[in-house]
Amino acid sequence: MWSALQHPAFRWLFVSTLFSFAASKIHRIALLFVAYQETQNAVWISLILGAQFFASAVLGPLMGPLADRYDRRTLMAISNLARAVLVAGIPLFAMDSMPILMAISFLMAVFEALYNSSSNSAIPDMVPESALDSANGLMMFIQRFSEIAFVALAGTLVAAVGPVPAFWINVLSYLIAAGFLIFLPVLSGKAGRGSYFKAVAEGIQPLWQNPVLSRTIGTLALAAAFGSVEGALGIVYAVGALKIGVQGFGVLEALMAAGAVLGLWVTMPLIKRWTREVVFIRSLALWGIVFASLGLFPNPIWAGIATLLMGLLNTMFIVPARSIIQLSAPVELRGRIMAAFGATMQSAVLLGTLLAGLLEPRLGVLTVLWLSGFTVFLVVFTVILRGGIPRPVAERTQA
């Protein structure tokens, strides 16, 4: 799992991203606390979160050409520095202005999308192909670890000293993250300087023209559209169906995050034994079955076991999927394709969230859960019947 850290460039990216993720988690908790404290109205919280989603899903693909044209190290540094400035603006002049907070949240998400497309497209240039899964797994580890550690830390910090010191700690974290990027080599993009919007389109077209990309991303997007209902209905399931309260919901969320971390130790040996494509498709199929079981067997003990397994399986299909996409993307298009991939997944998650809101009042939470999980399995089973996920050309050539 840790083999990618043997490569100095990736090691510095790993440390920088850890501070960047820590900053984003602290900022999110403190910002939502301020919004609710100032307004006592959940509408503004929804608007702030909606602004973040819109920026990620709609403007995210527009960041891709930058990662393909310019030095990715510089772009990541700009992203961290810009977010540091934006967060500093909250305690300086935006604490009591919800429209300004919403605008800051929007811009934060734009620069986060720039960071993600730059870092994800740079990873294959930092490590050999044999260490790519380890690198992607470690980046996912940072994300999950941040959800476990820094979200809790942010909540404790805000409760203890208030949101203003939390924002300044947030600023410092982004500055430290930017500082570590100095140690990275130049990571220049390979694309030319033609029409910008034509370049955006060039990054989106392979999502359906390239058979590996279309089948991998299409499968993930369809699965996310149904699988993400869990995120919207988790609290309803815990409180309404399992009768374990908000505390029980927190335990289930922690178990899923813990399972995702454990999955890193399982994924790498399986990829070596099978292939990325096989691990991806089988893990996603099993994820759908376990997800469906939440609705079929609404028992608190089984729910804990199932959410742990779902976290583990989530890592097992996400890590190889990212490697497949990175290896299948032409070098000069990698930044744009990774940005388009991120936007596609964000859109699928939004669709799933809306779907949960429409179906739950009519069918009930248990029916929606087992039906959604079974649909994920059917999507994957259909892909398997059609021949599964083809291997990237580069891998077939090496084989």
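In the predicted model, F291 has a relative accessibility of 0% and therefore counts as buried, the cut-off being under 20%. F291 shares helix 12, which runs from residue 276 to residue 296, with W287; the two are four residues apart, about one turn of the helix. W287 is also classed as buried, because its relative accessibility is 10%.

Helix 12 itself comprises 21 residues, and 16 of these are buried, so the helix is largely enclosed by the rest of the structure. The length of helix 12 agrees with expectation: at 1.5 Å a residue a span of 30 Å is predicted, and the C-alpha atoms at its ends are 30 Å apart. F291 is further contacted from helix 10 (residues 229-241), where E230 is located. With residues up to four places away in sequence left out, the contacts of E230 are E253, M256, F291, M310 and L369. E230 has a relative accessibility of 15%, and because the limit for burial is 20%, this glutamate counts as buried.

A pair of aromatic rings is described by the distance of the centres and the angle of the planes. The model contains seven aromatic pairs. In the pair formed by W287 and F291, the ring centres are 5.1 Å apart and the planes meet at 45°, an arrangement classed as tilted. The spacing of four residues within helix 12, about one turn, applies to both members of this pair. For F377 and F381, the centre-to-centre distance is 5.9 Å and the angle between planes is 15°; this pair is stacked, because the angle is under 30 degrees. F377 and F381 likewise are four residues apart, about one turn of the helix, and both belong to helix 15 (residues 365-385). F377 is partly exposed, at a relative accessible area of 24%, and F381 is partly exposed at 40%. By contrast, W287 and F291 are buried.

A single aromatic cluster is formed by W12, F19, F180 and F183. A ring is also involved in an interaction with a charged group: the charged end of R282 lies over the ring of W274, at 4.8 Å from the ring centre.

Helix 1, which covers residues 8-39, includes L31. The relative accessibility of L31 is 1%, so this leucine counts as buried. Apart from neighbours within four places in sequence, L31 contacts I48, Q52, I90, L101, S105 and F167. V85 lies 54 residues from L31 along the chain, and the C-alpha atoms of the two are separated by 15 Å.

At the level of the whole protein chain, the secondary structure consists of 16 helices and zero strands. The radius of gyration is 21 Å, close to the 21 Å that the globule rule gives for 399 residues, so the protein chain is as compact as a globular protein of that length. The C-alpha trace spans about 60 × 50 × 40 Å along its principal axes. Of the 399 residues in the protein chain, 53% are buried. When contacts between residues at least 6 apart in sequence are considered, 87% join residues at least 24 apart. The protein chain exposes about 16,700 Å², and carbon and sulfur atoms supply 70% of this area.

Terms used:
Residues numbered from 1 in each chain as written. Predicted model: local features only at pLDDT ≥ 70, side-chain atom pairs only at ≥ 80, totals over all residues. Heavy atoms only, no water. Buried < 20%, exposed > 50% of the residue type's maximum accessible area, 1.4 Å probe, protein only. Contact = heavy atoms within 4.5 Å. Phe/Tyr/Trp six-rings, centres within 6.5 Å; stacked < 30°, edge-to-face > 60°. Lys NZ or Arg CZ within 6 Å of the ring centre and 35° of its normal. Expected span 1.5 Å × (residues − 1). Rg over C-alpha atoms; globule rule 2.2 N^0.38 Å. Areas by Shrake-Rupley, 256 points an atom, 1.4 Å probe, with all protein chains shown as cover.
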